[in-house]
Amino acid sequence: MTLFDKILAKEIPANVAFEDETVLAFHDISPAAPVHVLVIPKHKWMRFADLAIADPKQIGEYMSAVARVAKHLGLEESGYRIVFNNGRDGQQTVDYIHAHILGGRRLSWPPG
Ligand code: 5GP
């Protein structure tokens with residue numbers, strides 16, 4: 001059971017930004033930008049790499065929901081960045097797939 005399983009089960013509180021039948025989105029506890037929201041699917045995958053063998057329809061529903069969350073956050077006009085950290089070198093720290101939505105300022109590139 002990861003931290004995000006517990007947040008989804010409402011065993012650990014989170015500042016929820018958006019929820020529907022597909023995803024739960026909540027504000028990152030340590031924001032890296034003025035808007036920093038994590039979006040997890042209710043259907044669990046551990047990491048982005050798992051999507052290689054996942055049901056494309058389910059993946060599509062997840063991606064569509066991530067885009068809806070960004071719109072809900074008011075970032076559509078200004079733009080935003082979606083990040084999936086995957087595995088050790090990607091610095092993934094929670095083994096439950098999560099999209100980072102980052103926005104509210106001009107982000108630098110390339111990432112560190
Ligand atoms: P990762 O590094 O795995 O891609 O992202 C994990 C994210 O979860 C980090 O940005 C971290 O700040 C965030 N995080 C860690 N613990 C908590 C928590 O208890 N609540 C919330 N809302 N975010 C957390």
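**A buried glutamine, a central strand and the largest pocket**

At 12% relative accessibility, Gln-92 counts as buried, because burial requires a relative accessible area under 20%. The structure considered here is a predicted model. Gln-92 is placed in the loop between E4 and E5, and its side chain reaches the backbone oxygen of Val-94 at 2.9 Å.

The loop that holds Gln-92 leads from E4 to E5, and strand E5 (99–103) is a useful next stop. Of its 5 residues, 5 are buried, so E5 is largely enclosed by the rest of the structure. In a regular strand the side chains alternate between the two faces of the sheet. For E5, both faces are covered. Ala-99, Ile-101 and Gly-103 are buried on one side, while His-100 and Leu-102 are buried on the other.

The pairing partners of E5 may be taken in turn. Strand E3 (35–41) runs antiparallel to E5 and is joined to it by 5 bridges. Within the strand pairing, Val-35 stands opposite Gly-103 of E5. Strand E4 (81–83) also pairs with E5 in the antiparallel sense, here over 3 bridges. Ile-82 stands opposite Ile-101 in E5, and Ile-101 is itself one of the buried residues of that strand.

Which elements supply residues to the lining of the largest pocket? Strands E3, E4 and E5 each supply at least two residues, as do helix H1 (3–8) and strand E2 (23–27). Rolling a probe the size of a water molecule over the atoms shows where empty space is left. The largest pocket has a volume of about 760 Å³. Its lining comprises 34 residues, of which Asp-28, Ala-32, His-36, Asn-85 and His-100 are the closest to its centre. His-100 has already appeared among the buried residues of E5. By residue class, the lining divides into 18 nonpolar, 13 polar and 3 charged residues.

Attention now turns to charged pairs. Side chains of opposite charge can pair when their charged atoms come close. The structure holds 7 salt bridges. One of them joins the side chains of Lys-44 and Asp-5, with an N to O distance of 2.8 Å. This pair links distant parts of the chain, as Lys-44 lies in the loop between E3 and helix H2 (56–72) and Asp-5 lies in helix H1, 39 residues apart. Lys-44 counts as partly exposed because its relative accessibility is 34%, whereas Asp-5, at 15%, counts as buried.

A second salt bridge is formed by Lys-57 and Glu-61, whose closest N and O atoms are 2.9 Å apart. These two residues are 4 residues apart in helix H2, and are therefore separated by about one helical turn. Lys-57 is exposed, with a relative accessible area of 58%, and Glu-61 is partly exposed, with 35%.

Another salt bridge brings together the side chains of Arg-88 and Asp-89, at 3.4 Å from N to O. Arg-88 and Asp-89 are both exposed. In addition, Lys-10, Glu-19 and Lys-42 are joined into one network by salt bridges that share partners.

Methods:
Residues are numbered from 1 along each chain as its sequence is written. This is a predicted model: local features need pLDDT of at least 70, side-chain atom pairs count only at pLDDT 80 or more; totals for chains, interfaces and linings use all residues. Side-chain values use heavy atoms; hydrogens and water are left out. On a 1 Å grid over the protein atoms alone, a cavity is a set of points where a 1.4 Å probe fits but cannot get out, and a pocket is an open set with protein on both sides within 12 Å along at least five of seven lines; lining residues have an atom within 4 Å of a point. Grid points are joined across faces, edges and corners, and a volume is the space filled by probe spheres set on the points. Ala, Val, Leu, Ile, Met, Phe, Trp, Tyr, Cys and Pro count as nonpolar, Asp, Glu, Lys and Arg as charged, and the others, Gly among them, as polar. Buried means under 20% relative accessible area, exposed over 50%, partly exposed in between (1.4 Å probe, protein chains only). Two strands pair if DSSP finds at least two bridges between them. A salt bridge is a side-chain nitrogen of Lys or Arg within 4 Å of a carboxyl oxygen of Asp or Glu. A polar contact is a pair of N or O atoms within 3.5 Å; within protein, one must be able to donate a hydrogen and the other to accept it, and residues adjacent in sequence count only if both atoms are side-chain atoms.
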